[in-house]
Amino acid sequence: MDFLCEIVQALVALAALGFIVVLITAHITAGMVDLTRHDKEKYFLTAAGEKELFPSLHDPHSKELSVVIPAYNEELRMPVMLEEATEYLESRQKQHPSFTYEIIVVDDGSKDKTTEVALRYSRKYGADKVRVLTLVKNRGKGGAVRMGTLSSRGKVILMADADGATKFSDIEKVEAGLNNLNPKPENMAISCGSRAHLEQDSVAQRSVFRTFLMYGFHFLVWFLCVRGIKDTQCGFKLFTREAALKTFSSLHVERWAFDVELLYIAQCFKIPIAEVAVNWTEIEGSKLVPFWSWLQMGRDLIFIRLRYFTRAWKLQSPHKTD
């Protein structure tokens, strides 16, 4: 019995030591918010091929809607999404002439012709409607979304994936979710597209191992960071301009788990969040590698919580940068 107690004590001590090591590692490896841009990332090309400076999220809005599309090696999948988006937006503008929009495609350091494909749409619709921000190096999806958002002009800002997995017309659903949020403190609110209603069907099609990873990730999200949102990872989210400025100014994580930190920041600031069911289809060519991506996201979730806990990361007040 004494031997058993000694083993338990040793395991508890080992666990405590492990936690301290992880805590210290999380603290000393914490990077700061990086809002700096390479000179080439400050400009977009007009239809005439001239360089023009991107505006800032700190400026007053001049469009009703901005659509930010992060894209990494998406020359094949992106045209379908852009066709659907521009067709919807152009039709909406014809029906309501006061409606104005812009699309910002953020090429996240692609090695293919993503920028060239996006520029074709810029030439077709004009750079006032379609702009391309090409990042000098790959930042990750979160970094790309942030850079595009900080360059946007919209009163509301939609983040949408380049693969077109979510039906673009479902923007009306997330808009309704945003409008139904009352009150909106300082006009801040977020509406998240959600695939939670499709979970049972996806479980039936997944292996037991992938299902275990999915539920494990959901538990970590709930336990460590965000509660009340069933699907944090759907890439179809609508922000008021004020909410985007408040949340993206504090964002540290630039890769797959950035959505979780973004919503964690929003909940810390008590920004109202709606979750709205959207149509979603699995599109081939995902950059997500099931095991390693889930492992990286799990690690990021633990580090998000620990870094805010140790004050290595702090919530930032929005400030303009070069």
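**Close-up views of aromatic contacts and the nonpolar core**

In this predicted model, phenylalanine 219 has a relative accessible area of 47% and is therefore classed as partly exposed.

**View A. A nonpolar surface patch that includes phenylalanine 219.** Phenylalanine 219 is located in helix H7. Together with Trp222 and Phe223, Phe219 makes a nonpolar patch on the surface, with an area of about 350 Å².

**View B. The aromatic pair of phenylalanine 44 and phenylalanine 54.** Over the whole structure, the search for aromatic pairs returns 10. One of them joins phenylalanine 44 to phenylalanine 54 in a tilted arrangement, with 5.1 Å from centre to centre and 55° between the planes. This pair links distant parts of the chain, its members being 10 residues apart: phenylalanine 44 belongs to strand S1 (residues 43-45), whereas phenylalanine 54 lies in the loop between strand S2 (51-53) and strand S3 (63-71). Phenylalanine 44 counts as buried because its relative accessibility is 2%. Phenylalanine 54 also counts as buried, at 8% relative accessibility.

**View C. The aromatic pair of phenylalanine 219 and tryptophan 222.** The rings of phenylalanine 219 and tryptophan 222 are tilted, with a centre-to-centre distance of 6.1 Å and an angle of 35° between the planes. Both residues lie in helix H7 (residues 208-225), where three residues, about one turn of the helix, set them apart. Phenylalanine 219 has a relative accessible area of 47% and tryptophan 222 has one of 42%; each is partly exposed, because values from 20% to 50% fall in that class.

**View D. An aromatic cluster of Tyr88, Phe168 and Phe236.** These three residues form one cluster.

**View E. Charged side chains over aromatic rings.** Arginine 92 places its charged end over the ring of phenylalanine 99, at 4.4 Å from the ring centre. Lysine 51 lies over the face of tyrosine 43, and here the distance to the ring centre is 6.0 Å.

**View F. The largest nonpolar core.** This core contains 50 residues. Ile190, Cys225, Val226 and Leu301 are the residues with the most contacts inside it. Two or more core residues come from each of the following elements: strand S4 (101-107), helix H4 (141-149), strand S6 (154-160), strand S7 (190-194), H7, helix H8 (241-248), helix H9 (258-268) and helix H10 (290-309). H9 provides the largest share of the core, with seven residues.

Notes. Residues numbered from 1 in each chain as written. Predicted model: local features only at pLDDT ≥ 70, side-chain atom pairs only at ≥ 80, totals over all residues. Heavy atoms only, no water. Phe/Tyr/Trp six-rings, centres within 6.5 Å; stacked < 30°, edge-to-face > 60°. Helix = DSSP H or I, 4+ residues; strand = E, 2+ residues; numbered from the N terminus. Buried < 20%, exposed > 50% of the residue type's maximum accessible area, 1.4 Å probe, protein only. Lys NZ or Arg CZ within 6 Å of the ring centre and 35° of its normal. Patch = residues over 30% accessible without salt bridge, like charges linked within 9 Å, V, L, I, M, F, W, Y side chains within 5 Å. Areas by Shrake-Rupley, 256 points an atom, 1.4 Å probe, with all protein chains shown as cover. Salt bridge = Lys/Arg side-chain N within 4 Å of Asp/Glu carboxyl O. Core = buried A, V, L, I, M, F, W, Y, C linked by side-chain atoms within 4.5 Å.
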